[in-house]
Amino acid sequence: MSSGEESKRTDGSSGDEYTFDDVSVVMGTYNEEEAIGKVLSDVDDVTDGKADVVCVDGSADRTPEIAREHGATVIEQRPQGYGVAVRAAILEPDRPIVVTTDCDDTYPMEQLPEFLELINDGHDVVSGDRLYHGADAMPGFNRFGNQVFAALASVLMGTRVHDTTTGMRAYRRDVVESIEWTENTGLSAELLIRPLMRGYDVREHPIEYRERAGQTKLDPLKGGAEIARSIVKVSLEERLRELPHRPTQ
């Protein structure tokens with residue numbers, strides 16, 4: 001899926017392909033001691049220990065200690081919500097490719113090579129589509145909500161998308177650095193909508209979605225309402241941004 005003819009992609013690689021030495025895997029972590037070790041072991045195995053890992057953590061359990069034991073860089077902050085942590089995580093590393101994921105073992109780290117291959121093919125953003133294979137491990141109410149979010153975003157953007165709130169994406173660093181990210185609970189949707197509406201080349205890619213380890217921290221009703229609000233707000237902001245502005249006198 002491409003968002004338009006005009007792409008703002010810059011390779012920055014002098015014709016060479018990116019490898020996992022160029023990749024940072026980032027995540028916000030909050031009381032995920034049940035899963036964080038397996039997620040980081042999977043990243044290490046798939047990337048042969050080459051990918052940099054950054055966790056922005058507000059946990060009260062052993063999550064940060066386990067992350068450090070696995071060689072991750074841990075940035076501690078007081079709990080302020082999903083978006084605050086992930087925004088800090090994506091802006092911290094300096095490698096040219098940033099991959100976001102969640103720390104609850106729902107996302108398939110074994111598909112990281114596919115994401116890197118698609119970036120090397122020229123895409124600016126690769127967004128994991130959990131719903132393509134049905135997402136049977138996702139609670140039915142959440143699955144229905146994600147379908148509604150995708151339909152809402154598609155109408156507002158005028159571009160068909162299938163999964164607006166996935167936590168697994170790969171970005172070229174110039175994309176994440178060129179946009180001011182404003183949302184908290186709805187950051188996952190914003191991280192798709194703004195690049196798409198600004199003409200970056202965005203590709204949705206099917207991924208397997210697994211049952212989470214540990215308890216979810218998001219209230220489905222309150223969180224869902226906040227995500228829907230963010231989708232509307234961000235889409236309208238980007239529409240207004242496209243309008244011509246009169247020069248000030």
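Asn31 counts as partly exposed in this predicted model, because its relative accessibility is 26%. The residue sits in the loop between β1 (23-29) and α1 (36-46). Its backbone stands out. Asn31 has a positive phi of about 55 degrees, yet it is not a glycine.

Asp105 shows a positive phi as well, near 70 degrees, and is likewise a residue other than glycine. Asp105 is placed in the loop between β4 (97-100) and α4. With a relative accessibility of 13%, Asp105 counts as buried, because buried means under 20%. The side chain of Asp105 also has a charged partner. It meets the side chain of Lys38 in a salt bridge, at 3.6 Å from N to O. This pair links distant parts of the chain. Lys38 belongs to helix α1, Asp105 belongs to the loop between β4 and α4, and 67 residues separate them. The two partners fall into separate accessibility classes: Lys38 is partly exposed at 43%, whereas Asp105 is buried at 13%.

Several of the elements named so far also contribute to the nonpolar interior. The largest nonpolar core holds 34 residues. Within it, Val23, Val25, Met27 and Val53 touch the most other members. Two or more residues come from each of β1, α1, β2 (52-57), α2 (63-69), β4 and α4. Helix α4 gives the most to this core, with five residues.

Helix α4 also takes part in a surface feature. It spans residues 112-120 and includes Glu117. Glu117 is one of the residues that form a negative surface patch. The other members of the patch are Asp16, Glu17, Glu114 and Asp121.

Salt bridges occur beyond the Lys38 and Asp105 pair. The whole structure contains 18 of them. In general, side chains of opposite charge can pair when their charged atoms come close. One such contact joins Glu238 and Arg198, at 2.9 Å from N to O. Glu238 lies in helix α8 (residues 220-242), and Arg198 lies in the loop between α7 (187-197) and β7 (202-206), so the salt bridge ties together parts that are 40 residues apart in sequence. Both Glu238 and Arg198 are buried.

A further salt bridge lies within helix α8. The side chains of Lys233 and Glu237 meet at 3.0 Å, N to O. The two residues are four apart in helix α8, so about one helical turn separates them. An α-helix has 3.6 residues a turn, so residues three or four places apart point the same way. Lys233 is partly exposed, with a relative accessibility of 27%. Glu237 is also partly exposed, with a relative accessible area of 32%. These two residues belong to a wider network, joined by salt bridges that share partners. The network consists of Glu183, Glu190, Arg194, Arg198, Glu226, Arg229, Lys233, Glu237 and Glu238.

Two members of that network, Glu190 and Arg194, are among the buried residues of α7. In this helix, 11 of the 11 residues are buried, so α7 is largely enclosed by the rest of the structure. The buried residues include charged Glu190 and Arg194, as well as Leu187, Leu191, Leu192, Ile193 and Leu196. Just after α7, Gly199 takes a positive phi of about 90 degrees.

Arg198 also serves as a reference point for another residue of helix α8, Arg241. The C-alpha atoms of Arg241 and Arg198 are separated by 9.3 Å, although the residues are 43 apart along the chain. Arg241 is partly exposed, with a relative accessible area of 45%.

A second pair of C-alpha atoms joins the description here. Gln80 and Asn184 are 104 residues apart along the chain, and their C-alpha atoms are separated by 8.6 Å. Gln80 is located in the loop between β3 (73-76) and α3 (82-91). The relative accessible area of Gln80 is 34%, so this residue counts as partly exposed.

Terms used. Residues are numbered from 1 along each chain as its sequence is written. This is a predicted model: local features need pLDDT of at least 70, side-chain atom pairs count only at pLDDT 80 or more; totals for chains, interfaces and linings use all residues. Side-chain values use heavy atoms; hydrogens and water are left out. Patches are made of residues with over 30% relative accessible area and no salt bridge: like charges are joined within 9 Å, nonpolar side chains (Val, Leu, Ile, Met, Phe, Trp, Tyr) within 5 Å. Accessible areas come from the Shrake-Rupley method with a 1.4 Å probe; for residues, only the protein chains shown count as cover. A salt bridge is a side-chain nitrogen of Lys or Arg within 4 Å of a carboxyl oxygen of Asp or Glu. The place of a charge is taken as NZ of Lys, CZ of Arg, CG of Asp or CD of Glu. Buried means under 20% relative accessible area, exposed over 50%, partly exposed in between (1.4 Å probe, protein chains only). A nonpolar core is a set of buried Ala, Val, Leu, Ile, Met, Phe, Trp, Tyr and Cys residues joined through side-chain atoms within 4.5 Å.
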